[in-house]
Amino acid sequence: MQPKIPPRSTIRLTRRGRIALAVAGAVVAGTAVAVPLLTLDSGPEETGPSALVIPEGWRASQVYDAIDRALRLPPGSARKSLGKASLSLPGDAEGNPEGYLFPAAYPLRQETTPESLLRSMVDTANHEFNAAPVAAGAQRDTVNIYQAVTIASIVQAEAATKTDMGKVARVVLNRLERGMPLQMDSTLNYALHRNTVRTSQGDTRIESPYNSYQRVGLPPTPIDNPGEEAMHAALNPTPGNWLYFVTVKPGDTRFSADYATQMRNVAEFNALHQDTGQSPGRSPARSSIPARSSAR
């Protein structure tokens, strides 16, 4: 789905396009959005201002590619410019801007460079993330800002609706508090440089710090660049004791606190997919079921 172009007088960033998935809890970022060059005023000579729109949930790699296309630079130019961009990143990021390329519309001018665009994105993220309400929320939840951004990035990737965001955030926090692995397919997809609704048993065995099936705690970095709603959900999760969730069908995401209920929901999901001739994916008869079931 391509983002709608609003009138010039009311430019604002809309929610990113989404692919309708059997598991609506998974959001595939980037592949559903066209080249994000938004022309605001173009005549016969294509003059006038323009902006680069970064949708919520894009990974840094997608942002780099979009910058290269928008500035008509050779592929890889934006990524190579990181070393000289002097980005104001938190120490925990170790120079990696993932999570801090804030989704927004950025003006493109004749003097715009990859470095200036990247700095604008990171500066915008710092302004949003270091605001008093966000900082207070992070302190209340005993996480630092970088950890909150990492949680928000998982919420952005996993939740299909604003309502689900708060519940997904609660599942993440509940699992962290109990020392349970997050078991999120979105972190595996990040490790494997892909977007998919299918995860195999082999995938869950890969050696990666982003393998949240085998490792306890948060991944070492955010897995995408979350927007305001995901960050709000990470800091203000919906109250609940849920540890699992699965989208049985579009619009029907079920959150549960016990394994038996999750197993029944997954079985219903698989039955629906078998009835439609679609592959049910991983069998629910496993020793554990991820927080968002990847049986599809």
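**Entry 1: helix α6 and its neighbours**

I began with helix α6 (residues 162-177) and α8, whose axes come within 8 Å and cross at roughly 40°. The model I am reading is a predicted one. An angle under 35 degrees would count as roughly parallel, and 65 to 115 as roughly perpendicular. The pair α6 and α8 is therefore oblique. I also looked up the hand of this crossing: α6 passes α8 in a right-handed way.

Next I turned to α5 (residues 145-158). Its axis lies 9 Å from that of α6, and the two helices pack at an angle of about 130°. That makes α5 oblique to α6. I noted the hand here too, and the crossing of α5 and α6 is right-handed.

**Entry 2: the whole chain**

I stepped back to list the elements. I found nine helices and five strands in the chain. Read from the N terminus, the order is β-β-α-α-β-α-α-α-α-α-α-β-β-α. I then checked burial. The chain has 296 residues, and buried ones make up 52% of them.

**Entry 3: helix α1**

How many of the eleven residues of helix α1 are buried? I looked, and the answer is eight. Helix α1 covers residues 60-70, and it is largely enclosed by the rest of the structure because so many of its residues are buried. I wrote down the buried ones: Ala-60, Gln-62, Val-63, Tyr-64, Ala-66, Ile-67, Asp-68 and Ala-70. I kept a general rule beside this list. An α-helix has 3.6 residues a turn, so residues three or four places apart point the same way.

I followed the chain past the end of this helix. Just after α1, Arg-72 takes a positive phi of about 55°.

**Entry 4: two more positive phi angles**

I looked up Ser-86 next. Ser-86 is not a glycine, yet its phi is positive, at about 50°. I placed Ser-86 in the loop between α2 (77-80) and β3 (105-108). Is Ser-86 buried or exposed? The relative accessible area of Ser-86 is 59%. The cut-off for exposed is over 50%, so Ser-86 is exposed.

Then came Gln-183. This residue is not a glycine either, and its phi is positive at about 55°. I found Gln-183 in the loop between α6 and α7. The relative accessible area of Gln-183 is 7%. Buried means under 20%, so Gln-183 is buried.

**Entry 5: Thr-196**

Where does Thr-196 sit? I traced it to the loop between α7 (185-191) and α8 (228-235). Its relative accessibility is 22%, so I logged Thr-196 as partly exposed. I also checked its distance to Asp-185. The two residues are eleven apart in sequence, and their C-alpha atoms are 8.9 Å apart in space.

**Entry 6: cavities**

Last, I looked for enclosed spaces. A search of the whole structure gives three cavities of 30 Å³ or more. I picked the second largest one, which has a volume of about 50 Å³. Which residues line the second largest cavity? I listed Thr-187, Pro-209, Tyr-210, Asn-211, Ser-212, Arg-215, Val-216, Gly-217, Leu-218 and Pro-219. I sorted this lining by type and got five nonpolar, four polar and one charged residue. Arg counts as charged, so Arg-215 is the charged one in the lining. Gly counts as polar here, so I put Gly-217 in the polar group.

Note on methods
Residues numbered from 1 in each chain as written. Predicted model: local features only at pLDDT ≥ 70, side-chain atom pairs only at ≥ 80, totals over all residues. Heavy atoms only, no water. 1 Å grid on protein atoms, 1.4 Å probe; cavity = no way out; pocket = protein on both sides within 12 Å on 5 of 7 lines; lining within 4 Å. Points joined across faces, edges and corners; volume = space filled by probe spheres on them. Helix = DSSP H or I, 4+ residues; strand = E, 2+ residues; numbered from the N terminus. Buried < 20%, exposed > 50% of the residue type's maximum accessible area, 1.4 Å probe, protein only. Axes fitted to C-alpha atoms, helices over the stretch in contact; angles between N-to-C directions. Parallel < 35°, antiparallel > 145°, perpendicular 65-115°, else oblique. Left-handed = near helix turned anticlockwise from the far one by under 90°.
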